[in-house]
Amino acid sequence: MQIHRYERWWLTFGLGMLVFFLALIGVAAFADNINPPSDMQQIDPTKVSRTPPFDKPGLRQRADGSYEAYYVAQVFTFVPTQLTIPLGAKVTFYVTSADVVHGFFIPDTDINMMAVPGWVNEETHTFTRPGQYLLICHEYCGIGHQNMFGKIEVR
Ligand code: CUA
């Protein structure tokens, strides 16, 4: 079989690029130790319901007056499903997953992250507007994904 010279050049070039970019991904993943965004700590995803403070998810006040909210995402619900937050509260959300990757998105706030099994992600928002907020899973997580949401009331 005969391969035209230019064709051979392009094949070599294409394969070279493939190897080059795969190597870059490998370096980024292993040598640079790339991790999920905003990760703060790791957690055993099979023991979330027994690991404090995720064994009792929900809102609690800190000594400085701010709040922290612990959430567990699991197919196909958030725990807690419903949360009431005082108006003006600065809340840091700590989120993990007990099974697969979920999303954790509260429209009209700064909160937009992933819930990744094995990791605890965190983001902070100050609630200055009263009303009902939705908490939405915006990562496809399975057959019940579209029903996975929670409610937050700020008053
Ligand atoms: Cu959980 Cu989509």
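A residue counts as buried here when its relative accessible area falls under 20%. At 0% relative accessibility, T96 is therefore buried. The model is a predicted one, and T96 makes a handy place to start looking around in it.

T96 is part of strand β6, which covers residues 90-97. Setting aside residues up to four places away in sequence, T96 touches I43, V48, F54, Y71, V72, A73, A115, V116, G118, W119 and V120. One of these, F54, comes from the loop that joins β1 (39-42) and β2 (58-61). Loop or not, F54 has a relative accessibility of 3%, so F54 counts as buried too. With residues up to four places away again left out, the contacts of F54 are I43, V48, Y70, Y71, V72, Y94, T96 and V120. For Y70, which sits 16 residues from F54 along the chain, the C-alpha to C-alpha separation is 6.3 Å.

S97 also belongs to strand β6. Its relative accessible area is 0%, so S97 is buried as well. What does the side chain of S97 reach at 3.1 Å? The partner is the backbone nitrogen of D99. A polar atom of the S97 side chain also lies 2.5 Å from the backbone oxygen of V100. Beyond four places in sequence, S97 is in touch with P45, V48, A73, H102, A115, V116 and P117.

Now for the nonpolar side of things. In soluble globular proteins, nonpolar side chains tend to be buried together. In this model, the largest nonpolar core holds 24 residues, and Y71, I85, F93, F104 and I152 have the most contacts inside it. At least two residues of this core come from each of β3 (67-74), β5 (82-85), β6, β8 (112-115), β10 (131-136) and β11 (149-154). Strand β3 provides the largest share of the core, with four residues. A second core, separate from this one, has seven residues, among them I43, V72, Y94 and V120.

F104 has a busy contact list of its own. Apart from its neighbours within four places in sequence, F104 contacts Y71, F78, F93, V95, I111, N112, M113, L135, I136 and H138.

The aromatic rings come next. Eleven aromatic pairs turn up in a search of the whole structure. One of them is the tilted pair of F93 and F104, with 5.8 Å from centre to centre and 55° between the planes. Because F93 lies in strand β6 and F104 in strand β7 (residues 102-105), this pair ties together parts that are eleven residues apart in sequence. F93 and F104 are both buried. F127 and Y133 make an edge-to-face pair, with centres 5.3 Å apart and planes at 90°. Both of these residues, F127 and Y133, are buried. Which residues make up one aromatic cluster? The members are Y71, F78, F93, F104, F127 and Y133, so both pairs described above belong to the cluster.

How values were computed: Residues numbered from 1 in each chain as written. Predicted model: local features only at pLDDT ≥ 70, side-chain atom pairs only at ≥ 80, totals over all residues. Heavy atoms only, no water. Buried < 20%, exposed > 50% of the residue type's maximum accessible area, 1.4 Å probe, protein only. Contact = heavy atoms within 4.5 Å. Core = buried A, V, L, I, M, F, W, Y, C linked by side-chain atoms within 4.5 Å. Phe/Tyr/Trp six-rings, centres within 6.5 Å; stacked < 30°, edge-to-face > 60°. Polar contact = N/O pair within 3.5 Å; in protein donor to acceptor, adjacent residues only side chain to side chain.
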